[in-house]
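Please take the structure shown here and explain, term by term, how the descriptive labels attached to it are earned.

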Amino acid sequence: MSITPLATVPSVHRSGPVFRGRIGQDARSGHYAVPHRYRLHLSTACPDGLRLAVGHSLLGLDDSCPVTLLPAVPDCAGGGHAVLRPLYEASAHHYTGPALAPVLSDDWSGRIVSTRARDILRDLDRFPHGDGTALYPSGQGSVIEAVEAMCDVIEEAAQCAGRAGTGADGHSAALDALFDTLGRLENRLTGEEYLVDDRLTAADVELWVTLVQLDTVHRCHLDARAVHRIAGHRALWAYAGRLAAHPAFGRHLDLEGISRRHHGRCQGLEAAGAAVQILDWAGHAADSEDASRR
């Protein structure tokens, strides 16, 4: 799967320190994949938190790696969470910045292992789980990384296209990149249920959350013509609906929280595309609840 560079769209960087510890496969790593040692701290209203919540459920790690859910809207300046501050202060000397989520912490030391969602998801895949689920199946790493890069393009292009003050040339370039990337993913999913290896992988988690954000957040700042073109990728949105009806995906979908988080931090202008959602996320999520009861 090829990647088209997006030189015209600025990358979005996380503010604050990034802890990049990794969980290894044995005791020599310092952090190794042992049950009941680590804890996730996340908000499902945050795209990175939603990715981790879905991956955590797919891997069946509720007992071995507990999750602390955080409010949709951070309660501290700079997007931080007060409950995470002791972890940050224990992990970074004289730390004064925002205590951002998500966080993977080590309950044995009371310190942060990682704040990088993609690394955390890869490391969760190393935890023992008996059903053979693998979010990163052997030999598929490059394909999954290609999907991650394409999702970055979608996120950055949609932000640029909907940002107040983006010039005409920048707006046009961003939309071109957005439609090109959506089109290549549409082709990939036409006639296919999943992106990689005929099964659910981290690539599907990544793309699904990106589509959630595109419809529930970025759509609100795009014009009606752009949203109509986005909605025309029928295979993509059918795929998003199928995954939303899966219990590991739909049960974590906090539409109200996503909206409150968006409006709490957004400085953009609402555009004509805000009128109607592309997908009935709530309806599909209700189907996932029915499926989980059966």
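The questions and answers below concern a predicted model and set computed values against the cut-offs behind each label.

Q: What makes up the secondary structure of the protein chain, and how many of its 294 residues, as a percentage, are buried?
A: The chain contains 11 helices and four strands. Buried residues, those under 20% relative accessible area, make up 51% of the 294 residues.

Q: What share of the contacts in the protein chain with a separation of 6 or more comes from residues 24 or more positions apart?
A: Such residues account for 74% of these contacts, where a contact requires heavy atoms within 4.5 Å.

Q: Why is the pairing of Asp123 and Arg22 called a salt bridge?
A: The label needs a side-chain nitrogen of Lys or Arg within 4 Å of a carboxyl oxygen of Asp or Glu. For the side chains of Asp123 and Arg22 the N to O distance is 2.9 Å, so the pair satisfies that condition. Asp123 lies in helix α3 (residues 117–124) and Arg22 in the segment before β1 (38–42), so the salt bridge ties together parts that are 101 residues apart in sequence.

Q: Are the two partners, Asp123 and Arg22, buried or exposed, and how do you know?
A: Asp123 has 1% relative accessibility and therefore counts as buried, the limit being under 20%. Arg22, at 33% relative accessibility, counts as partly exposed, because this class covers values between the buried limit of 20% and the exposed limit of 50%.

Q: Which residues are linked with Asp123 and Arg22 in a network of salt bridges?
A: The network links Arg20, Arg22, Arg116, Asp119, Asp123 and Arg126. A search of the whole structure finds 18 salt bridges.

Q: What makes Glu148 and Arg122 a salt bridge, and where do the two residues lie?
A: Their side chains meet at 3.0 Å, N to O, which meets the requirement of a distance within 4 Å. The pair links distant parts of the chain, with Glu148 in helix α4 (residues 141–162) and Arg122 in helix α3, 26 residues apart. Glu148 has a relative accessible area of 7% and is therefore buried.

Q: Why does the pair of Arg260 and Glu256 count as a salt bridge, with its closest N and O atoms 3.9 Å apart?
A: The cut-off is within 4 Å, and the closest N and O atoms of Arg260 and Glu256 are 3.9 Å apart, so the pair qualifies. Both residues lie in helix α10 (residues 255–265), four residues apart, which is about one turn of the helix. Arg260, at 43% relative accessibility, counts as partly exposed, whereas Glu256, with a relative accessible area of 57%, is exposed, since exposed means over 50%.

Q: What makes the backbone at Pro102, His36 and Asp197 worth listing?
A: Most residues other than glycine have a negative phi, and most peptide bonds are trans. The peptide bond from Ala101 to Pro102 is cis, with omega near 5°, and Pro102 is found in the loop between α2 (85–91) and β3 (103–106). His36, in the segment before β1, has a positive phi near 70° and counts as exposed at 56% relative accessibility. Asp197, in the loop between α5 (168–189) and α6 (202–216), has a positive phi of about 65° although it is not a glycine, and at 39% relative accessibility Asp197 counts as partly exposed.

Conventions. Residues numbered from 1 in each chain as written. Predicted model: local features only at pLDDT ≥ 70, side-chain atom pairs only at ≥ 80, totals over all residues. Heavy atoms only, no water. Buried < 20%, exposed > 50% of the residue type's maximum accessible area, 1.4 Å probe, protein only.
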